[in-house]
Amino acid sequence: MQISNYIQQSFQVNYAYRVFFSDHIFEPTNTQLAAWLREQASPHYRKRLLVVADDGVWQSHPYLQAQVSAYFQAVKEVELAPEIIVIPGGEACKNDEALFFRLVDAIDKYAIDRHSFVIGIGGGSVLDLVGFAAAVSHRGVRHIRIPTTVLSQNDSGVGVKNGINFKGKKNFLGAFAPPAAVFNDAHFLTTLDARDWRAGMVEAVKVALIKDAAFFEWMEGAATALAARDMDAMQKLVFRCAELHMQHIGGGGDPFESGSSRPLDFGHWSAHKLEQLTNFSLRHGEAVSIGIALDSVYANLIGWLDKPSMERILHLLQQMGLPLYHPLLDMQAGATSPVIKGLEEFREHLGGRLTICLLKAIGQGAEINDMDVTLLQQAGDILKQLTVVSQ
Ligand SMILES: NC(=O)c1ccc[n+]([C@@H]2O[C@H](COP(=O)([O-])OP(=O)(O)OC[C@H]3O[C@@H](n4cnc5c(N)ncnc54)[C@H](O)[C@@H]3O)[C@@H](O)[C@H]2O)c1
Ligand SMILES: [Zn+2]
């Protein structure tokens, strides 16, 4: 018998999931989700469902408790757990380890095995937490996402990342775990407060800026309608944004982010730091808007993005009612200013080599491996001036 000093292992795993679009998903006459569940049915396994819902959604749609139970009970191929778990929504749920263990306990208690599903209904925060709890229980219970915010329907809910915060660090604990399916229900968006309606649109601006100039132009034309909560315009925005995110993740890129290149994180390096520094009083989308503004002005200062394009970006964000500036962008303290420290932390997080996506033009992102502190200070100052002028 021959032996060697290593054995080579290599395999591929195929992932496929669908993102559905609908409204009033739990109305008895809406069969989209029921039909999908029936497709998953197996004569060999009893598939159980554990529903975890966002308190903000439950309060805005009080009929849901009864409607959701009735809907699943009508699908005889699956068995609903006796309890629907309702948890506080918003970033706070990602900072609460006890909630994470409560979900893991429920997965255990209600025998949610690897043939069953955990179903998250809520904003990106609840979905990140639910997806993570599912991903680490039994080494991976499948999860279904029902996103209820603009941001989760067009970005976070359609991708492969899940996670919670740890010691104040965003998404420090997490897992790459694609959903089994995603169901986007437009009706949920009607009850979002003004901040969440607006904040979610920024991810569409982001992905358009790095990949799709025509989509950016469409948003410029639709900005007034979008800001006025026109649902038809919003559904188009959500669809195209989700499609661009999914194409990027699945399109031969790097779905599990083993490299440093993360174009979908355009505008995010400072945003994550701003969220943390403001104790999450800034919404993720608001922080990203400021981050995009900062990086767009910076790209202009280094001669990448022309001034008219930079102005179009800032104008669109303003028309959407999104912020461009926060006092933390005052970076006169140089290396010791908190946002600059965030840049250093990001460099460490990436393993020592900074990779940041900036804009060459609208619709064209490109990478850079260094950022100049003095120019960043200047970019912050320019935004401060603009904000003062426009007030
Ligand atoms: N996993 C990813 O790839 C990814 C990508 C981008 C962002 N994120 C994460 O998503 C989170 C932000 O998610 P978000 O912007 O969806 O906000 P959110 O989940 O924090 O929710 C904001 C608020 O809206 C409430 N809410 C949710 N749906 C509602 C509805 N239909 N009607 C009324 N109120 C409702 C919630 O209860 C909460 O109070 C952040 O933690 C961010 O880091 C994750
Ligand atoms: Zn984001």
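Helices H8 and H12 are a good place to start in this predicted model: they run roughly parallel to each other, because their axes cross at roughly 25 degrees and angles under 35 degrees count as roughly parallel. H8 covers residues 213-227 and H12 covers residues 307-319, with the two axes coming within 9 Å. Their crossing is left-handed. If you look at where the helices meet, H8 contributes Phe-216, Glu-217, Met-219, Glu-220, Ala-223, Thr-224 and Ala-227. From H12, the contact is made by Arg-312, Ile-313, Leu-316 and Gln-319.

Keep your eye on Met-219, since we meet this residue again in the interior. Together with Leu-237, Met-219 touches the most other members of the largest nonpolar core, a set of 69 residues. At least three residues of this core come from domain 1 (19-191), and at least three from domain 2 (194-390). There is also a second core, separate from that one, with 29 residues; Trp-36, Leu-49, Ile-144 and Ile-146 are among them. In soluble globular proteins, nonpolar side chains tend to be buried together.

Now turn to Leu-237 itself. Leaving aside residues up to four places away in sequence, Leu-237 touches Asn-154, Met-201, Ala-204, Phe-215, Trp-218, Met-219, Leu-226 and Met-320.

Our last stop is His-61. Where does His-61 sit? You will find His-61 in the loop between helix H2 (55-60) and helix H3 (64-73). Is His-61 buried or exposed? His-61 counts as buried because its relative accessibility is 2%, and the cut-off for buried is under 20%. Beyond residues up to four places away in sequence, His-61 touches His-187, Phe-188 and Thr-191.

Note on methods:
Residues numbered from 1 in each chain as written. Chains lettered and ligands numbered in written order. Predicted model: local features only at pLDDT ≥ 70, side-chain atom pairs only at ≥ 80, totals over all residues. Heavy atoms only, no water. Helix = DSSP H or I, 4+ residues; strand = E, 2+ residues; numbered from the N terminus. Buried < 20%, exposed > 50% of the residue type's maximum accessible area, 1.4 Å probe, protein only. Contact = heavy atoms within 4.5 Å. Core = buried A, V, L, I, M, F, W, Y, C linked by side-chain atoms within 4.5 Å. Domains from an automatic or database assignment. Axes fitted to C-alpha atoms, helices over the stretch in contact; angles between N-to-C directions. Parallel < 35°, antiparallel > 145°, perpendicular 65-115°, else oblique. Left-handed = near helix turned anticlockwise from the far one by under 90°.
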